[in-house]
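This report covers a sheet, the helices that lie across it, and a pocket. The sequence and structure come before the account.

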Amino acid sequence: WQEIRFDARPEFDQFLEAQREQGLFSGHQAFWRGIGCAFLHAYASVVNPHFASFMSALFGSRFQGGPVKSTSRMKTKLAEDTPHLAYVDPRGSPEARTACGILGDVVRGSVCCDGAEEMVRTLHQLQQLGTGKPSLEVWRIKNTHRPEAEVVGGYRDVKVLGLFDAGTVDGVRLSMIVEIQVVDTVFLEVKKFMHKAYAVGRGDFGRWRASMAARCS
(Lines give C-alpha, C1' and ligand atoms only; values in the text may rest on other atoms or scores of the structure.)
Protein backbone atom coordinates (compact mmCIF):
# COMPACT_ATOMS: atom_id res chain seq x y z
CA TRP A 1 0.00 0.00 0.00
CA GLN A 2 2.90 2.35 0.67
CA GLU A 3 3.92 1.92 -2.98
CA ILE A 4 0.40 2.52 -4.36
CA ARG A 5 -0.24 5.70 -2.31
CA PHE A 6 -2.61 7.90 -4.40
CA ASP A 7 -5.45 10.05 -3.08
CA ALA A 8 -7.31 7.08 -1.62
CA ARG A 9 -4.66 6.29 0.98
CA PRO A 10 -6.34 8.48 3.66
CA GLU A 11 -9.45 6.26 3.36
CA PHE A 12 -7.40 3.18 4.10
CA ASP A 13 -5.60 4.94 6.93
CA GLN A 14 -9.01 5.83 8.42
CA PHE A 15 -9.93 2.14 8.39
CA LEU A 16 -6.71 1.27 10.20
CA GLU A 17 -7.23 4.03 12.76
CA ALA A 18 -10.78 2.84 13.44
CA GLN A 19 -9.44 -0.66 14.07
CA ARG A 20 -6.86 0.72 16.48
CA GLU A 21 -9.51 2.68 18.40
CA GLN A 22 -11.66 -0.43 18.75
CA GLY A 23 -8.71 -2.56 19.77
CA LEU A 24 -9.20 -4.72 16.68
CA PHE A 25 -5.79 -4.56 15.14
CA SER A 26 -3.78 -7.22 13.31
CA GLY A 27 -4.34 -10.09 15.74
CA HIS A 28 -8.16 -9.88 15.67
CA GLN A 29 -10.52 -11.73 13.31
CA ALA A 30 -12.58 -8.60 12.62
CA PHE A 31 -9.50 -6.81 11.32
CA TRP A 32 -8.76 -9.52 8.77
CA ARG A 33 -12.43 -9.78 7.77
CA GLY A 34 -12.58 -6.08 7.00
CA ILE A 35 -9.17 -5.25 5.60
CA GLY A 36 -9.81 -6.75 2.15
CA CYS A 37 -13.00 -4.74 1.61
CA ALA A 38 -11.33 -1.58 2.93
CA PHE A 39 -8.38 -1.99 0.58
CA LEU A 40 -10.67 -2.80 -2.38
CA HIS A 41 -12.82 0.26 -1.69
CA ALA A 42 -9.76 2.51 -1.46
CA TYR A 43 -8.29 1.15 -4.69
CA ALA A 44 -11.67 1.40 -6.46
CA SER A 45 -11.90 5.05 -5.41
CA VAL A 46 -8.69 5.65 -7.36
CA VAL A 47 -9.83 3.73 -10.45
CA ASN A 48 -13.39 5.09 -10.57
CA PRO A 49 -12.64 8.64 -11.86
CA HIS A 50 -10.57 7.21 -14.72
CA PHE A 51 -13.34 4.76 -15.60
CA ALA A 52 -16.00 7.49 -15.50
CA SER A 53 -13.89 9.76 -17.70
CA PHE A 54 -13.29 6.95 -20.20
CA MET A 55 -16.99 6.05 -20.44
CA SER A 56 -18.19 9.67 -20.58
CA ALA A 57 -15.85 10.36 -23.49
CA LEU A 58 -17.43 7.44 -25.37
CA PHE A 59 -21.11 7.82 -24.49
CA GLY A 60 -21.50 11.40 -23.26
CA SER A 61 -24.62 12.06 -21.20
CA ARG A 62 -25.89 8.53 -21.88
CA PHE A 63 -23.35 7.26 -19.34
CA GLN A 64 -24.19 7.55 -15.66
CA GLY A 65 -21.43 6.66 -13.24
CA GLY A 66 -22.33 4.92 -10.00
CA PRO A 67 -20.80 5.39 -6.56
CA VAL A 68 -18.09 2.96 -5.49
CA LYS A 69 -19.76 0.08 -3.67
CA SER A 70 -19.55 0.71 0.08
CA THR A 71 -17.67 -1.67 2.35
CA SER A 72 -20.90 -2.47 4.20
CA ARG A 73 -22.58 -3.55 0.95
CA MET A 74 -19.49 -5.57 0.04
CA LYS A 75 -19.70 -7.46 3.33
CA THR A 76 -23.43 -8.09 2.90
CA LYS A 77 -22.89 -9.41 -0.61
CA LEU A 78 -20.03 -11.64 0.52
CA ALA A 79 -22.20 -13.06 3.31
CA GLU A 80 -24.82 -13.96 0.68
CA ASP A 81 -22.38 -15.37 -1.89
CA THR A 82 -19.87 -17.15 0.39
CA PRO A 83 -21.89 -18.63 3.29
CA HIS A 84 -19.29 -21.41 3.62
CA LEU A 85 -16.83 -18.78 4.89
CA ALA A 86 -19.10 -17.31 7.57
CA TYR A 87 -17.41 -19.14 10.45
CA VAL A 88 -13.94 -19.50 8.96
CA ASP A 89 -11.18 -17.70 10.84
CA PRO A 90 -9.64 -15.37 8.22
CA ARG A 91 -6.32 -15.33 10.08
CA GLY A 92 -5.69 -18.87 8.90
CA SER A 93 -7.58 -18.79 5.61
CA PRO A 94 -6.31 -16.94 2.53
CA GLU A 95 -9.68 -17.66 0.86
CA ALA A 96 -11.57 -15.85 3.63
CA ARG A 97 -9.15 -12.92 3.68
CA THR A 98 -9.38 -12.37 -0.07
CA ALA A 99 -13.04 -13.31 -0.64
CA CYS A 100 -13.84 -9.74 -1.70
CA GLY A 101 -11.95 -10.50 -4.92
CA ILE A 102 -15.07 -12.19 -6.31
CA LEU A 103 -16.92 -8.86 -6.43
CA GLY A 104 -17.05 -7.50 -9.96
CA ASP A 105 -19.27 -4.46 -9.47
CA VAL A 106 -17.35 -2.32 -6.97
CA VAL A 107 -16.75 0.15 -9.81
CA ARG A 108 -19.83 0.44 -12.01
CA GLY A 109 -21.97 2.60 -14.23
CA SER A 110 -24.81 2.45 -16.76
CA VAL A 111 -25.39 3.42 -20.37
CA CYS A 112 -28.93 4.47 -21.29
CA CYS A 113 -30.28 3.32 -24.67
CA ASP A 114 -33.39 4.21 -26.65
CA GLY A 115 -34.66 0.84 -27.76
CA ALA A 116 -33.28 -2.60 -28.54
CA GLU A 117 -31.27 -1.58 -31.62
CA GLU A 118 -29.31 1.04 -29.70
CA MET A 119 -28.66 -1.51 -26.95
CA VAL A 120 -27.18 -3.92 -29.50
CA ARG A 121 -25.02 -1.17 -31.02
CA THR A 122 -23.80 -0.20 -27.55
CA LEU A 123 -22.86 -3.79 -26.73
CA HIS A 124 -20.93 -4.08 -29.99
CA GLN A 125 -19.16 -0.81 -29.22
CA LEU A 126 -18.15 -2.02 -25.75
CA GLN A 127 -16.74 -5.20 -27.26
CA GLN A 128 -14.41 -3.18 -29.49
CA LEU A 129 -12.60 -1.34 -26.69
CA GLY A 130 -9.99 -3.94 -25.81
CA THR A 131 -7.00 -2.17 -27.39
CA GLY A 132 -5.11 0.98 -26.45
CA LYS A 133 -5.04 2.71 -23.09
CA PRO A 134 -7.41 3.22 -21.43
CA SER A 135 -9.16 0.04 -22.56
CA LEU A 136 -12.04 -2.25 -21.66
CA GLU A 137 -11.82 -5.98 -22.30
CA VAL A 138 -15.28 -7.56 -22.08
CA TRP A 139 -15.25 -10.84 -20.18
CA ARG A 140 -18.91 -11.61 -19.54
CA ILE A 141 -22.36 -10.47 -20.72
CA LYS A 142 -25.47 -11.23 -18.66
CA ASN A 143 -28.74 -10.56 -20.49
CA THR A 144 -31.82 -10.45 -18.24
CA HIS A 145 -34.08 -9.73 -21.21
CA ARG A 146 -34.13 -13.46 -21.85
CA PRO A 147 -37.58 -14.97 -21.10
CA GLU A 148 -36.12 -17.46 -18.58
CA ALA A 149 -34.09 -14.84 -16.69
CA GLU A 150 -34.89 -14.23 -13.02
CA VAL A 151 -35.73 -10.57 -12.45
CA VAL A 152 -36.73 -8.35 -9.52
CA GLY A 153 -39.78 -6.11 -9.88
CA GLY A 154 -39.81 -6.50 -13.66
CA TYR A 155 -36.49 -4.70 -14.12
CA ARG A 156 -34.27 -5.94 -16.95
CA ASP A 157 -30.93 -4.89 -18.39
CA VAL A 158 -27.75 -6.26 -19.96
CA LYS A 159 -24.80 -6.38 -17.57
CA VAL A 160 -21.33 -6.25 -19.07
CA LEU A 161 -18.37 -7.24 -16.90
CA GLY A 162 -14.83 -6.71 -18.03
CA LEU A 163 -11.34 -5.55 -17.23
CA PHE A 164 -10.91 -1.78 -17.33
CA ASP A 165 -7.26 -0.79 -17.77
CA ALA A 166 -6.47 2.87 -17.15
CA GLY A 167 -2.84 2.41 -18.14
CA THR A 168 0.01 3.77 -16.04
CA VAL A 169 -0.92 6.58 -13.67
CA ASP A 170 1.82 8.26 -11.60
CA GLY A 171 4.07 5.31 -12.33
CA VAL A 172 1.55 2.64 -11.25
CA ARG A 173 -0.59 0.42 -13.51
CA LEU A 174 -4.30 0.82 -12.70
CA SER A 175 -6.78 -1.88 -13.72
CA MET A 176 -9.91 -3.39 -12.22
CA ILE A 177 -12.97 -5.48 -13.09
CA VAL A 178 -15.94 -3.17 -13.68
CA GLU A 179 -19.64 -3.57 -14.39
CA ILE A 180 -21.60 -1.65 -17.02
CA GLN A 181 -25.38 -1.88 -17.14
CA VAL A 182 -26.81 -1.32 -20.62
CA VAL A 183 -30.36 -0.16 -19.91
CA ASP A 184 -33.34 0.73 -22.08
CA THR A 185 -34.95 4.07 -21.17
CA VAL A 186 -38.19 2.31 -20.21
CA PHE A 187 -36.45 0.07 -17.68
CA LEU A 188 -34.36 2.98 -16.42
CA GLU A 189 -37.60 4.57 -15.19
CA VAL A 190 -38.59 1.25 -13.59
CA LYS A 191 -35.22 1.16 -11.85
CA LYS A 192 -35.62 4.67 -10.46
CA PHE A 193 -39.09 3.86 -9.14
CA MET A 194 -38.18 0.56 -7.48
CA HIS A 195 -34.74 1.41 -6.08
CA LYS A 196 -35.78 2.32 -2.51
CA ALA A 197 -38.15 -0.64 -2.21
CA TYR A 198 -35.39 -2.94 -3.48
CA ALA A 199 -32.92 -1.45 -1.00
CA VAL A 200 -35.33 -2.08 1.89
CA GLY A 201 -35.99 -5.62 0.69
CA ARG A 202 -32.29 -6.52 0.56
CA GLY A 203 -31.78 -5.17 4.10
CA ASP A 204 -29.94 -1.88 3.55
CA PHE A 205 -31.87 -0.26 6.40
CA GLY A 206 -31.67 -3.09 8.90
CA ARG A 207 -33.14 -6.54 9.43
CA TRP A 208 -36.35 -5.26 11.03
CA ARG A 209 -37.26 -3.10 8.04
CA ALA A 210 -36.38 -5.88 5.62
CA SER A 211 -38.61 -8.25 7.59
CA MET A 212 -41.49 -5.77 7.52
CA ALA A 213 -41.02 -5.23 3.77
CA ALA A 214 -41.23 -9.00 3.24
CA ARG A 215 -44.45 -9.20 5.26
CA CYS A 216 -46.01 -6.30 3.35
CA SER A 217 -45.17 -7.89 0.02
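## Terms and basis

In the residue classes used below, Ala, Val, Leu, Ile, Met, Phe, Trp, Tyr, Cys and Pro are nonpolar, Asp, Glu, Lys and Arg are charged, and the others, Gly among them, are polar.

The model is predicted: local features need pLDDT of at least 70 and side-chain atom pairs pLDDT 80 or more, while totals for chains, interfaces and linings use all residues. Residues are numbered from 1 along each chain as its sequence is written, and side-chain values use heavy atoms, without hydrogens and water.

## Pocket

The second largest pocket holds about 340 Å³ (the space filled by probe spheres set on grid points joined across faces, edges and corners). A pocket is an open set of points on a 1 Å grid over the protein atoms alone, where a 1.4 Å probe fits, with protein on both sides within 12 Å along at least five of seven lines; lining residues have an atom within 4 Å of a point. Of its 15 lining residues, Arg 33, Lys 75, Leu 78, Ala 79 and Thr 82 are closest to the centre.

The lining comprises 9 nonpolar, 3 polar and 3 charged residues. Helix 2, helix 3 (71–81) and helix 4 (94–97) each supply at least two of them. Helices (H or I, at least four residues) and strands (E, at least two) are DSSP runs numbered from the N terminus.

## Sheet

Five strands form an open sheet of mixed pairing, in the order 1-2-5-4-3; pairing requires at least two DSSP bridges. Strand 1 (63–65) and strand 3 (135–143) are the edges, each paired on one side only. Strand 1 runs antiparallel to strand 2 (residues 107–113), joined by 3 bridges, and Phe 63 stands opposite Val 111.
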